[in-house]
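Open the model in your viewer and keep the sequence panel beside it. The stops below say what to select and what is there.

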Amino acid sequence: MKFTRVIAAAAFCAATSVPLAAHHSAAMFDDAKVVELNGTIKEMQWTNPHIWIQVVVDNNGQKAEWSVEGGSPNTLSRNGWRSTTFKFGDAVTVRVNPMKDGTAAGSFIGAKFKDTGKTIGRWE
């Protein structure tokens, strides 16, 4: 009987600790600021635990690559996203909450495709 309780306790600890360890904080993003990036898609990485969108922005002849973190592929696919939602060369405007340290990266808020006017995410 004691052995069964030990096994049950170990199984409970393992089941509840893995999801907690798998997620990270979003404290590095400044959710009080919104930056609008006008650029082209270099790449979309449809990977767990979060997708990444690489956007090349041209600031007066100076090209900068921004890394934009999105949600999980599972959650995004339930909201209509696909691994092909952002394709190489797409002209877009992307809104992000930028990194607090000034790094060229941010947390995805929404995007608007310049050729179709289609929006995805939160776009007010």
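Two strands pair if DSSP finds at least two bridges between them. Helices (H or I, at least four residues) and strands (E, at least two) are themselves DSSP runs, numbered from the N terminus. With that in hand, select Glu69 and look across to strand S5, where Ser107 stands opposite.

This is a predicted model, in which local features need pLDDT of at least 70 and side-chain atom pairs count only at pLDDT 80 or more, while totals for chains, interfaces and linings use all residues. Residues are numbered from 1 along each chain as its sequence is written, and side-chain values use heavy atoms, with hydrogens and water left out.

**Whole chain**

Show the cartoon. The protein has two helices and six strands, and from the N terminus on the order is α-β-β-β-α-β-β-β. Of its 124 residues, 31% count as buried (under 20% relative accessible area; exposed is over 50%, partly exposed in between; 1.4 Å probe, protein chains only). Switch to the surface: the protein exposes about 8100 Å², and carbon and sulfur atoms supply 57% of that area. Accessible areas come from the Shrake-Rupley method with a 1.4 Å probe; for residues, only the protein chains shown count as cover. Among contacts (heavy atoms within 4.5 Å) with a separation of 6 or more, 51% are between residues 24 or more positions apart.

**Strand S5 and its partners**

Select residues 105-113, which are strand S5. Seven of the nine residues here are buried, so the strand is largely enclosed by the rest of the structure.

Which strands does S5 pair with?

- S3 runs parallel to S5, and three bridges join them.
- S4 pairs with S5 in the antiparallel sense over seven bridges. To see one position, select Thr93, which stands opposite Lys112 in S5.
- S6 (residues 119-121) runs antiparallel to S5 and is joined to it by three bridges. Here the bridge partner of Gly110 is Gly121 in S6.

Next, follow the chain through the turns on either end of S5. S4 and S5 form a hairpin with six residues between them, and Gly102 in that turn has a positive phi of about 90 degrees. S5 and S6 form a hairpin with five residues between them; in this turn Gly117 has a positive phi of about 80 degrees.

**The nonpolar core**

In soluble globular proteins, nonpolar side chains tend to be buried together. A nonpolar core here is a set of buried Ala, Val, Leu, Ile, Met, Phe, Trp, Tyr and Cys residues joined through side-chain atoms within 4.5 Å. Select Ile53, Val68, Trp81, Phe86, Val94 and Phe108: they have the most contacts inside the largest such core, which has 19 residues. S1, S2, S3, S4 and S5 each supply at least two residues of this core.

Now centre on Phe86. Apart from neighbours within four places in sequence, Phe86 is in contact with Ile41, Met44, Ile53, Trp81, Val92, Phe108, Ala111, Phe113 and Ile120.

**Salt bridges**

Side chains of opposite charge can pair when their charged atoms come close. The rule used is a side-chain nitrogen of Lys or Arg within 4 Å of a carboxyl oxygen of Asp or Glu. By this rule there are four salt bridges; three are on this tour.

Select Glu36 and Arg95, whose side chains meet at 2.7 Å, N to O. Glu36 lies in strand S1 and Arg95 in strand S4 (residues 91-98), so the pair ties together parts that are 59 residues apart in sequence. Glu36 is partly exposed at 44% relative accessible area, whereas Arg95 is buried at 18%.

Move on to Lys42 and Glu65, with 3.0 Å from N to O. Lys42 is in S1 and Glu65 in S3 (residues 62-69), so this bridge ties together parts that are 23 residues apart in sequence. Lys42 is partly exposed at 41%, and Glu65 is partly exposed at 34%.

Then select Lys63 and Asp58, where the closest N and O atoms are 3.7 Å apart. Lys63 is exposed at 62%; Asp58 is partly exposed at 42%.

**Last stop: Pro49**

Where does Pro49 lie? Look in the loop between strand S1 (35-45) and strand S2 (52-59). Pro49 counts as partly exposed because its relative accessibility is 48%. Beyond neighbours within four places in sequence, Pro49 is in contact with Gly71, Ser72 and Pro73. Finally, add Asn74 to the selection: its C-alpha is 9.2 Å from that of Pro49, and the two are 25 residues apart in sequence.
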